[in-house]
Amino acid sequence: SLEWSDLYLADGGVVAFGNDQDVTVTHVADTGLLLNSTRQIQFGDSGSYIAQSSNGVLRIDGEATIDLNASTAVTVSNDLKLDSDAAVLGFGVDNDVTLTHVADTGLLLNSTMALQFNDASQYINAPSATVLDINATDEIELNATLVDVNANVEVSGTLSSGAVTATSNSTFGTLNVNADTSAGRAAALGYTSAEGLILTGQGST
């Protein structure tokens with residue numbers, strides 16, 4: 001068979017393929033090569049290819065998997081959209097941490113994995129199927145007009161409050177009231193086994 005070495009085409013040169021030249025590759029001067037219309041460059045078989053599926057849309061199809069490998073980073077310069085319900089983002093060499101889309105609900109972090117803030121000592125995670133932990137090195141601050149807690153509350157440390165309003169049954173091991181009960185201040189409520197319920201207000205008991 002005859003063999004060729006170099007092939008030179010002028011600016012704008014076209015290489016056409018097929019009986020009716022339905023596939024063409026055109027030289028774009030000082031830019032690159034242009035594949036016509038929605039034609040594909042296929043790899044291995046027809047299931048893996050690169051093509052412009054419509055004007056402004058570049059499609060990269062892998063029959064099973066598309067691997068993107070870079071020595072430093074893969075950069076996405078705009079939005080990243082996962083179009084399938086239950087799509088999963090996996091992190092780590094063995095995908096030990098995953099973030100799964102739950103259709104019409106939200107995102108699910110797998111197992112007992114944690115969402116960390118600032119360092120490893122501050123995080124939110126679910127150590128079991130029924131327990132949610134919020135951990136901080138020093139302080140957890142909640143800022144709102146109203147914090148509504150619909151559950152029993154167990155405090156193992158010291159509870160400090162400017163005012164406490166009980167609208168249902170409340171049980172206290174020890175209730176220490178340090179507020180000023182002078183004129184114009186709210187009354188203080190206390191209890192001893194000897195004296196029972198004590199109401200103090202404006203300097204008197």
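This tour moves from the whole chain to one sheet and then to a single pair of residues within that sheet.

**The whole chain.** Begin with the entire model, which is predicted. Colour the chain by secondary structure: zero helices and 14 strands should appear. Following the sequence from start to end, the reader meets β elements in succession, in the pattern β-β-β-β-β-β-β-β-β-β-β-β-β-β.

**The surface.** Next, display the accessible surface of the chain. About 18,000 Å² is exposed, and carbon and sulfur atoms supply 50% of that area. The chain has 205 residues, of which 6% are buried.

**Contacts along the sequence.** Now consider the contacts in the chain with a separation of 6 or more. What share of them comes from residues 24 or more positions apart? Such residues account for 0% of these contacts.

**A three-stranded sheet.** Select residues 14–17 for strand E1, residues 23–28 for strand E2, and residues 32–35 for strand E3. Together these strands form an open sheet in the order E1-E2-E3, with antiparallel pairing. Strands E1 and E3 stand at the edges; each has a single partner strand, so one side of each is left without a neighbour in the sheet. From one strand to the next, the twist averages 20 degrees.

**The E1 and E2 pair.** Keep E1 and E2 in view and hide the remainder. The two strands run antiparallel and are joined by four bridges. In general, the strands of a sheet pair through backbone hydrogen bonds.

**A final selection.** Which residue of E2 stands opposite Val15? Select Val25, which occupies that position in E2.

Notes: Residues are numbered from 1 along each chain as its sequence is written. This is a predicted model: local features need pLDDT of at least 70, side-chain atom pairs count only at pLDDT 80 or more; totals for chains, interfaces and linings use all residues. Side-chain values use heavy atoms; hydrogens and water are left out. Buried means under 20% relative accessible area, exposed over 50%, partly exposed in between (1.4 Å probe, protein chains only). Contact means heavy atoms within 4.5 Å. Accessible areas come from the Shrake-Rupley method with a 1.4 Å probe; for residues, only the protein chains shown count as cover. Two strands pair if DSSP finds at least two bridges between them. Axes are lines fitted to C-alpha atoms, for helices over the stretch in contact, and angles run from 0 to 180 degrees between N-to-C directions.
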